[in-house]
Amino acid sequence: MHRLELPMPLDPAVLCERLGEFRGTPIRLMAWELPTDGPFGMLISRPHEDAIIYQSHTTKAHQAHIVLHELGHIIAYDLAGERPVATQLRTCYSDRDERDAEVIASTIMCQAILATRRTKRYGIDEPWRPSVYNSLVLAES
C-alpha cells in the first residue's frame, strides 16, 4: 500500500487500511496522473472493495486531503446505510454530499494536527507514542 508521508503523525493509508478492516471492505489507494482540469480524486465503489484514486502530481498534504475527502464520502455513505450493491464510479455528488465529505476530511486533518501539537507541548510524544497515536489511528515512526 502506498504511504503518504506528512509532517504530522496521520498516515491516510493506515487510516484507510484500518477502516477497511473495521468495515470488512478494503479501501485501496491509487495515485494517478489525473488531468489538471478534472477532479483531484475519485471514488470507485465495488462490492468487494472501495478504490480511492488521487492526483499524483500535487503536494503530499494535498494528496492526504484528497484521500480524506474521498474517505469522507465512504464514511458518510456507510453512516447513511447506502453502500452500493454494484460497481459505482462516483465523481458527481450533491452539494450536501460534497460538504459532508469536506467536513469529515477537514475534521480528521485538524484532529491529527492538534494531536501532534498536544503531544509535543506536553512532552508525551516519545514514551506514549504507541498507545496515544495508535488509539487515534496514527502512524508510528
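Accessible areas come from the Shrake-Rupley method with a 1.4 Å probe. On this basis the chain, a predicted model, has an accessible surface of about 8,200 Å², and carbon and sulfur atoms account for 58% of that surface. The chain comprises 141 residues, of which 40% are buried. Its secondary structure consists of 4 helices and 4 strands, arranged along the sequence in the pattern α-β-β-β-α-β-α-α. Of the contacts between residues at least 6 apart in sequence, 56% link residues at least 24 apart.

Pairing between strands was examined around β3, which spans residues 49-55. On one side of the pairing list, β1 (27-32) runs parallel to β3, with 6 bridges between the two strands; in this pair, I27 is placed opposite D50 of β3. Strand β2, covering residues 41-46, also pairs with β3 over 6 bridges, but in the antiparallel sense. Here M42 lies opposite I53 of β3. The connection from β2 to β3 is a hairpin of 2 residues. Strand β3 is mostly covered, with 7 of its 7 residues buried.

The largest nonpolar core contains 19 residues, and the members that touch the most others are C16, I27, L29, I52, L68 and L71. At least two residues of this core are supplied by each of α1 (12-23), β1, β3, α2 (60-80) and α3 (95-121). Helix α2 provides the largest share, 6 residues. I27 thus appears both among these core members and in the β1–β3 pairing, opposite D50.

Helix α2 was considered in further detail. It has 21 residues and extends 30 Å between its first and last C-alpha atoms, close to the 30 Å expected at 1.5 Å a residue. The buried residues of α2 are Q63, A64, I66, V67, L68, H69, E70, L71, G72, H73, I74 and Y77; L68 and L71 are also among the core residues that touch the most other members. H62 belongs to α2 as well. Its relative accessible area is 25%, so H62 is classed as partly exposed, given that the buried class requires a value under 20% and the exposed class a value over 50%. Although 22 residues separate H62 from F40 in sequence, their C-alpha atoms are 9.3 Å apart in space. Just after the end of α2, G81 adopts a positive phi of about 70°.

Notes
Residues are numbered from 1 along each chain as its sequence is written. This is a predicted model: local features need pLDDT of at least 70, side-chain atom pairs count only at pLDDT 80 or more; totals for chains, interfaces and linings use all residues. Side-chain values use heavy atoms; hydrogens and water are left out. A nonpolar core is a set of buried Ala, Val, Leu, Ile, Met, Phe, Trp, Tyr and Cys residues joined through side-chain atoms within 4.5 Å. Buried means under 20% relative accessible area, exposed over 50%, partly exposed in between (1.4 Å probe, protein chains only). The expected span of a helix is 1.5 Å times one less than its number of residues. Two strands pair if DSSP finds at least two bridges between them. Contact means heavy atoms within 4.5 Å.
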